[in-house]
Amino acid sequence: MDPILTLRGVSAAYDGTPALTGIDLDIPERQITAIIGPSGCGKSTLLRCMDGLLLEEPDTSVSGDIRLDGTDIRSLRREDLRRRVGLVFQTPTPFPFSIYRNLTYAPQYYGIRDKKALDALVRETLETVGLYDEVKDDLQKSARKLSGGQQQRLCIARALTARPEVLLLDEPCSALDVKSIQVIESLLLRLREQYTIVIVTHNLAQARRIADQVVFLNDGRLVETGDGPSFFAAPQQEEARAFLSGEFG
Amino acid sequence: MRKWIDRIWSAAVVLLTALAVLALAFVIYFIVREALPTFREVPLRDFLFGSRWMPIDYTGSTSFGIFHFILGTLYVSALAMLLALAVSLGASLFLSCAVGARTRQILYPFIDLLAGIPSVVYGFVGLMVLVKLFLKAGVHTGSCVLAAAIVLAVMLLPYLVSSCSETMLKVKCRYEGAADALGIDRWHFAATVVLPASFRSILLSMILAIGRAMGETMAVMMVMGNANLFPTLLGKGETIASVIALEMGTAVAGSTHYHALYAAGLVLMLMLFLINSAIGLLRRRFLREEV
């Protein structure tokens, strides 16, 4: 299968301090790639390279080649790139609007005005994230009144309203309770059929449960990549073995 | 020992709080007590809705009607508020959403500085610059409600900008990433997320500002012309605060004139109280329906 995202020799630095060095990575289409590694190893930085957010930040330099479906992301228009690559943050940040408006915000911005089309899109994305039955009767309710897990699913739904090809998630479960984590994990496994998913997680058990491909970073270097089961069963590198056995992290 | 220190400490805090509350209570009591005798001689309706203010009987009968002063106060405050609100919303959005932290740190002190300029200086500048400009533009004598509103608007700016931009900055930091990840343009984000989400604190800052606006005496007095006329945009007008400031010194203590000025002060206080409660109610409604 052709990779949808390819990174070649990607390095990044904040204020001259290197955060990533020489990353070569392929993200396979319609699979879940989990990025793991100790805190401060550059997981989130790597994720933010993939949708170009990092390229826009001041005092940050990014070098190397990042391609989405073969096209250099630097040559894409900012909003096209953002529509094709969605990003969900660690803390759920629904806009201070109603549930409905949260989901129509981006589509309206991108020119969908037809009420019926918007209604259908809201329903479809809510169904995808399994939130529709829970909120269908009060779509006009403030999104901030939802529980943390529901808010995070709403944020995933909001990212999906832009119809992305790739969905990036930055530790989406770290602020949630066990039950919500389960719901989100099974959601991600379902989403894999339609979307390419890249998730940063510090929860090794989570990576083990859902990852098709695992990427292990340490100190801004890519140490090892492998498919999920075999990586966890038998990591090749000493560093990865030490990390998995809990010697550092 | 420790216990005693705690006790003294809490007693001191209670005492100081009581002092503050008492001070307010005395002010209200004093104003009400001095105001009430007015209504033995002037019916309340004539006082509020009469438009003839003739406190001394040069020409026969005295008359105490503050209708024009009430209107003048409301007119100049509302107009100033409108002008200040438009400018400060723009400035706050600019400060919170358009510039970086470094520029913000340079610009903030300038706005805070506006709050530190004495009002007589504002009045003086208004008189020397604005009134002259209005004169040149063909307004008789130059002094007018609009000139006063402009001067007042500048005085209100720091109050509005500092609290609005603070909230807007918080809102922006919180939702910026989410909007950015959706590819939303910065200005669209500012207009559709930051502005509505800051609505409540905009109302709060309006409470602060309207109090300042309606009570402001010196600067307004210097440029508004102080004539007991029905206030029009380019005509002279007089506010309650100005009447009190101008006439209190010459009013004979204990005369109806003296009491009427206190009554005017009471009316001003009640107006302010009503407006503040209205904005407060509005704000609470938005708190409940916050979406």
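# Reading a chain contact and a sheet

User: How many residues does each chain bring to the contact between chain A and chain B?

Analyst: Two residues are in contact if their C-beta atoms, placed from the backbone, lie within 7 Å. Here chain A supplies 18 residues and chain B 14 residues. This is a predicted model, in which local features need pLDDT of at least 70 and side-chain atom pairs count only at pLDDT 80 or more, while totals for chains, interfaces and linings use all residues. Residues are numbered from 1 along each chain as its sequence is written, and chains are lettered from A and ligands numbered from 1 in the order in which they are written.

User: Which elements of chain A give two or more residues to the side that touches chain B?

Analyst: Helices (H or I, at least four residues) and strands (E, at least two) are DSSP runs, numbered from the N terminus. On this side they are helix H3 (78-84), strand E6 (85-88) and helix H4 (99-109) of chain A. H3(A) gives the most, with 4 residues.

User: How is the sheet of chain A ordered?

Analyst: Two strands pair if DSSP finds at least two bridges between them. In chain A, 6 strands form an open sheet in the order E6-E7-E8-E3-E9-E10, with mixed pairing. E6 and strand E10 (221-227) of chain A each have a single partner strand, so one side of each lacks a neighbour in the sheet.

User: Which strands pair with E8(A), and in what sense?

Analyst: Strand E3 (residues 32-36) of chain A runs parallel to E8(A), joined by 4 bridges. Among the bridge partners, Thr33(A) goes with Val198(A) and Ile35(A) with Val200(A). Strand E7 (residues 166-170) of chain A is also parallel to E8(A), over 5 bridges, and Leu169(A) has Ile199(A) as its bridge partner.

User: How does the chain cross from E7(A) to E8(A)?

Analyst: A crossover is right-handed if, with the strands pointing away from the viewer, the path from the first strand over the helix to the second runs clockwise. The path from E7(A) to E8(A) goes through helix H8 (residues 178-191) of chain A, and this β-α-β crossover is right-handed.

User: Is strand E8 of chain A buried or exposed?

Analyst: A residue is buried if 20 or more other C-beta atoms lie within 10 Å of its own, exposed if 12 or fewer, and partly exposed in between, with C-beta atoms placed from the backbone. In E8 (residues 196-200) of chain A, 5 of the 5 residues are buried, so the strand is largely enclosed by the rest of the structure. Thr196(A), Val198(A) and Val200(A) lie on one side, Ile197(A) and Ile199(A) on the other, and both faces are covered.
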